[in-house]
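Got the viewer open? Let's take a walk through the empty spaces inside this protein, then stop at a pair of packed helices.

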Amino acid sequence: MSDDHEIYSQIFFPHLRVSRQSAIDSGGRFSYYTTAETAQLILKNEELWMRNTSVMNDYMEVEHGLECLIEAFNSEVGFDLKAAMDECFPGASSELASLFNSWIPTIKSHTYIISVSEHPESEDEFGRLSMWRAYGGSAGVALVFNGGPMFRPSDALKAYSSPVAYLTREGVREEIKQISRNMRQQKIKIQNLGRSGLIGFMFEAFRFAAICTKHPAFLEEREWRVISTQFLHNSERLIPACESIGGVPQLVLKLKLEDHPAEGLFDLKISSFLDRILIGPCEHPQTIKLALSKLLSDHGIPNPGERIHITGIPLRPNQR
């Protein structure tokens, strides 16, 4: 990451810098909690599906983030942010407000995400019980992967990773206040960006705030999201397709697990991306392990069974 890119990240995304370092310090790995059937499809087809926020469990949290952001922007701290922008480029805050408001319908209806959870070493044995209950169904599997591609900046997919911020309305106002302070402390850097650069960074800060702010009650999820907003940042490498999920036909974006090293995206191939697999509550753990071992072997992973761990968590009657 260039020095300038790091400085601008610190100015406009203060939560990202702290959360990224925390995730790296805890091992830099993430878990994708899902069903054994979905895990099998991911390994077999070498792809992840990005789902529209409108059909996911987290849809109302997206609304929560947008509401908090709008309220903060129209509060006293928002007026101070506008002043900080206009001190650099007169009228820039009004231009930002007009631009962001015009994109709100698209952000709400055409944003696709993949949700993963930070995975510390302490969860290598059993995973996280709350995540099994929320996403594992009657045959839960967690794919634990190395987080390098999440941390390295790349435009190869036009999809970008971000930690979720678990904030109340007051917490969002504090984040806005911090951005204003950062801008004043780095006024020369902001002016070097130019008017369009400032508006562009602030637009992205607002977009990620809207999509990645959740109620603090969900803090234990330690969620990160990979985000693509169609019509804003389209990518030929994210393939739209109609799939049925839970009996609901819907449009998804298929993200191939392949490297594009010339564009800064690497270690995404399954052989280097996947760290381990946890088999959670289910009726047939050994059968699932055998099937997933075959898929890992097909990817050239030696001793594949060593990467698969059966947690032994009992399957409750209400999960069957």
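## Stop one: the smaller hole

Start by selecting Val 62, Leu 66, Phe 100, Ile 104, Ile 107, Lys 108 and Ala 210, which line the second largest cavity. Two elements each give two or more residues to this lining: helix 4 (59-73) and helix 6 (92-109). Colour helix 6 if you want the main contributor, as the largest share, four residues, comes from there. Show the cavity itself and you're looking at a volume of about 40 Å³. By class, the lining divides into six nonpolar residues, one charged and no polar. Keep in mind as you go that this is a predicted model.

## Stop two: the largest cavity

How many cavities of 30 Å³ or more are there? The count comes to two, and the largest has a volume of about 100 Å³. To see its walls, select Tyr 32, Ile 42, Leu 43, Leu 48, Ile 114, Val 116, Leu 143, Phe 145, Leu 257, Ile 270, Phe 273 and Leu 274. Now switch on the cartoon: helix 3 (36-45), strand 3 (111-118), strand 4 (139-146) and helix 12 (270-273) are the elements that each give two or more residues to this lining. Try colouring by class and you'll get twelve nonpolar residues, with no polar and no charged ones.

## Stop three: the second largest pocket

Keep Tyr 32 on screen, then look for the second largest pocket, which holds about 800 Å³ of space. Its lining has 31 residues, and the closest to the pocket's centre are Tyr 32, Thr 34, Thr 38, Arg 51 and Ile 245. Which elements should you highlight here? Those giving two or more residues to the lining are strand 1 (29-35), helix 3, strand 2 (47-52), strand 3, helix 7 (129-135) and strand 9 (238-245). Colour by class again, and this lining shows 15 nonpolar, ten polar and six charged residues.

## Stop four: two helices side by side

Finally, hide everything except residues 76-88 and 195-211, which are helix 5 and helix 11. They pack at an angle of about 160°, with their axes 11 Å apart. Because of that angle, helix 5 counts as roughly antiparallel to helix 11. The crossing is right-handed. Turn on side chains to see who makes the contact: Leu 81, Met 85 and Cys 88 come from helix 5, and Leu 198, Met 202 and Phe 206 from helix 11. By class, that contact has six nonpolar residues, no polar and no charged.

Conventions:
Residues numbered from 1 in each chain as written. Predicted model: local features only at pLDDT ≥ 70, side-chain atom pairs only at ≥ 80, totals over all residues. Heavy atoms only, no water. 1 Å grid on protein atoms, 1.4 Å probe; cavity = no way out; pocket = protein on both sides within 12 Å on 5 of 7 lines; lining within 4 Å. Points joined across faces, edges and corners; volume = space filled by probe spheres on them. Nonpolar A, V, L, I, M, F, W, Y, C, P; charged D, E, K, R; others polar. Axes fitted to C-alpha atoms, helices over the stretch in contact; angles between N-to-C directions. Parallel < 35°, antiparallel > 145°, perpendicular 65-115°, else oblique. Left-handed = near helix turned anticlockwise from the far one by under 90°. Contact = heavy atoms within 4.5 Å.
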